[in-house]
Amino acid sequence: MTGTAPVPFTADDYKARMDRAARQAADAGLAGLLVAPGPDLVWLTGYAPPAVTERLTLLVLAAGREPVLVVPTLEAPDAEKATGAPALALRDWTDGKDPYALTAALLDARGRFGVSDNAWALHLLGLQKTLPGTSYVSLTEALPMLRAVKDAAELERLAAAGAAADAAFEEIRNVRFSGRRESEVAADLAALLRRFGHSQVDFTIVASGPNGANPHHEAGDRRIERGDMVVLDFGGLKDGYGSDTSRTVHVGEPTEEERRVHDLVREAQEAGFRAVRPGAACQDVDRAARAVIADAGYGEYFIHRTGHGIGVTTHEPPYMIEGEEQPLVPGMCFSVEPGVYLPGRFGVRIEDIVTVTEDGGRRLNDTERGMVTVD
């Protein structure tokens with residue numbers, strides 16, 4: 001099952017994104033944006049270079065100017081095929097030429113520029129050497145909400161990715177856990193994500209028994225035993241947009257304490273979800289979920305933020321964490337994933353992707369949040 005193919009993005013869609021990014025940069029007091037290969041470039045132009053190499057590829061955006069994509073000559077034919085290419089100008093450079101001199105001609109020699117987080121130091125230092133009067137700030141710092149608010153087409157893709165992850169969970173809960181290695185169940189999860197339409201699997205956490213107390217445990221050779229709590233956290237990209245969901249299952253019947261902790265985390269997850277509404281601060285979601293766990297005496301065992309944004313990557317701004325006062329806006333999408341981690345014993349995490357609506361929030365995951373037992 002891969003579902004119906006999404007409506008393709010158009011050159012006009014990418015032009016609107018580039019225009020919006022340039023305006024936001026100007027509003028932030030920046031001379032422009034410099035975007036290297038990576039998720040920002042794909043989101044803005046639809047172009048992903050065939051290989052990320054030491055050769056400079058850079059999108060230059062500035063308000064009131066035509067977007068320009070600087071590319072190596074040998075990759076220009078691929079860049080010309082990108083959906084967003086009609087909305088920008090291409091400037092190519094050949095081996096042996098100075099790509100920084102070419103790029104410098106497009107920049108304000110004393111400007112301050114936002115730079116995509118994954119730009120190579122090699123290229124940034126090359127530009128600084130050519131234009132010593134320029135300065136730079138990361139996009140996450142300068143424009144953290146650049147990709148945060150999704151349009152209807154993006155929301156449709158995120159919903160489809162969530163539904164595919166849900167389908168994978170419905171299948172995995174029926175496989176045998178006891179006696180198998182964590183890595184074997186993780187491989188099953190990865191195969192299921194691909195079967196249900198994911199082109200990229202970013203993570204398949206299978207954390208059994210005491211390993212569940214490590215939120216980012218990597219599935220290993222531990223054999224899952226009857227009596228284990230097992231944290232499952234998995235996701236990736238489907239049609240270019242992310243999925244990320246967590247459920248905690250139990251092999252056989254749980255103890256009273258295990259059930260109580262699981263119910264607590266479910267209650268906290270519900271509280272976090274109910275705090276989602278336009279105008280609320282990101283930290284309000286964290287506070288709502290955290291208060292439930294703290295009031296029950298487990299506050300010291302909730303050791304991470306309540307959530308993170310999701311879009312063309314599985315982790316991006318905004319973040320649901322104390323101190324983040326960014327107001328929620330309809331179209332934002334992020335995880336709500338409280339957890340309790342008892343060292344040496346077990347952990348519980350329950351996670352849904354949630355989008356902000358005009359009057360609250362909507363879950364993009366809808367599998368069973370109560371205790372699920374497996375064999």
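The following exchange examines a predicted model of a protein.

Visitor: How many helices and strands make up the secondary structure of the protein?
Guide: The assignment concerns a predicted model. Its secondary structure comes to 18 strands and 10 helices.

Visitor: Which radius of gyration does the protein have, and what would a compact globule have?
Guide: The C-alpha atoms fill a box of roughly 70 × 40 × 35 Å along the principal axes. For 375 residues, a compact globule would have a radius of gyration near 21 Å. The protein agrees with that expectation, its own value being 23 Å.

Visitor: What percentage of the residues in the protein is buried?
Guide: A residue counts as buried when its relative accessible area is under 20%. Of the 375 residues in the protein, the buried ones make up 54%.

Visitor: What share of the exposed area do carbon and sulfur atoms supply?
Guide: The area that the protein exposes is about 15700 Å². Of this area, carbon and sulfur atoms supply 49%.

Visitor: Among contacts between residues at least 6 apart in sequence, what percentage joins residues at least 24 apart?
Guide: A contact requires heavy atoms within 4.5 Å. Among the contacts in the protein between residues at least 6 apart in sequence, those joining residues at least 24 apart come to 67%.

Visitor: How far apart are the end C-alpha atoms of helix H7?
Guide: Helix H7 covers residues 152-172, which is 21 residues. At 1.5 Å a residue, the helix should span 30 Å. The model agrees with this expectation, since the end C-alpha atoms are separated by 30 Å.

Visitor: Which residue caps the N-terminal end of H7?
Guide: A side-chain oxygen of the capping residue lies 3.1 Å from the backbone nitrogen of Ala-153. The residue that caps H7 in this way is Asp-151.

Visitor: Within what arc do the buried residues of helix H5 fall?
Guide: In H5 (residues 121-130), the buried residues are His-123, Gly-126 and Leu-127. They line one face of the helix, because, seen down its axis, they fall within an arc of 95 degrees.

Visitor: Which elements are included in what covers the buried residues of H5?
Guide: On the other side of H5, Ala-121, Leu-125 and Lys-129 are exposed. The cover over the buried residues includes helix H4 (99-104) and the strands S1 (32-35), S2 (58-61) and S6 (135-138).

Visitor: Which residues does a cis peptide bond join?
Guide: One of the two residues lies in strand S12, which covers residues 316-320. Omega of the cis bond is about 5 degrees, and the residues joined are Pro-317 and Pro-318.

Visitor: What is phi of Asp-239?
Guide: Asp-239 is in the loop between strand S8 (229-238) and strand S9 (241-242). With 33% relative accessibility, Asp-239 counts as partly exposed. Its phi is positive, in a residue other than glycine, with a value near 50 degrees.

Visitor: Is Val-52 buried or exposed?
Guide: Val-52 is located in the loop between helix H2 (39-45) and S2. Not counting residues up to four places away in sequence, Val-52 touches Pro-37 and Trp-120. Exposed requires a relative accessible area over 50%; with 53%, Val-52 is exposed.

Visitor: Is Ala-289 buried or exposed?
Guide: Ala-289 belongs to helix H10 (residues 282-295). Not counting residues up to four places away in sequence, Ala-289 touches Ala-268, Gly-272, Thr-306 and Pro-338. At 0% relative accessibility, Ala-289 counts as buried.

Conventions. Residues numbered from 1 in each chain as written. Predicted model: local features only at pLDDT ≥ 70, side-chain atom pairs only at ≥ 80, totals over all residues. Heavy atoms only, no water. Helix = DSSP H or I, 4+ residues; strand = E, 2+ residues; numbered from the N terminus. Expected span 1.5 Å × (residues − 1). Polar contact = N/O pair within 3.5 Å; in protein donor to acceptor, adjacent residues only side chain to side chain. Buried < 20%, exposed > 50% of the residue type's maximum accessible area, 1.4 Å probe, protein only. Arc of directions from axis to C-beta. Rg over C-alpha atoms; globule rule 2.2 N^0.38 Å. Areas by Shrake-Rupley, 256 points an atom, 1.4 Å probe, with all protein chains shown as cover.
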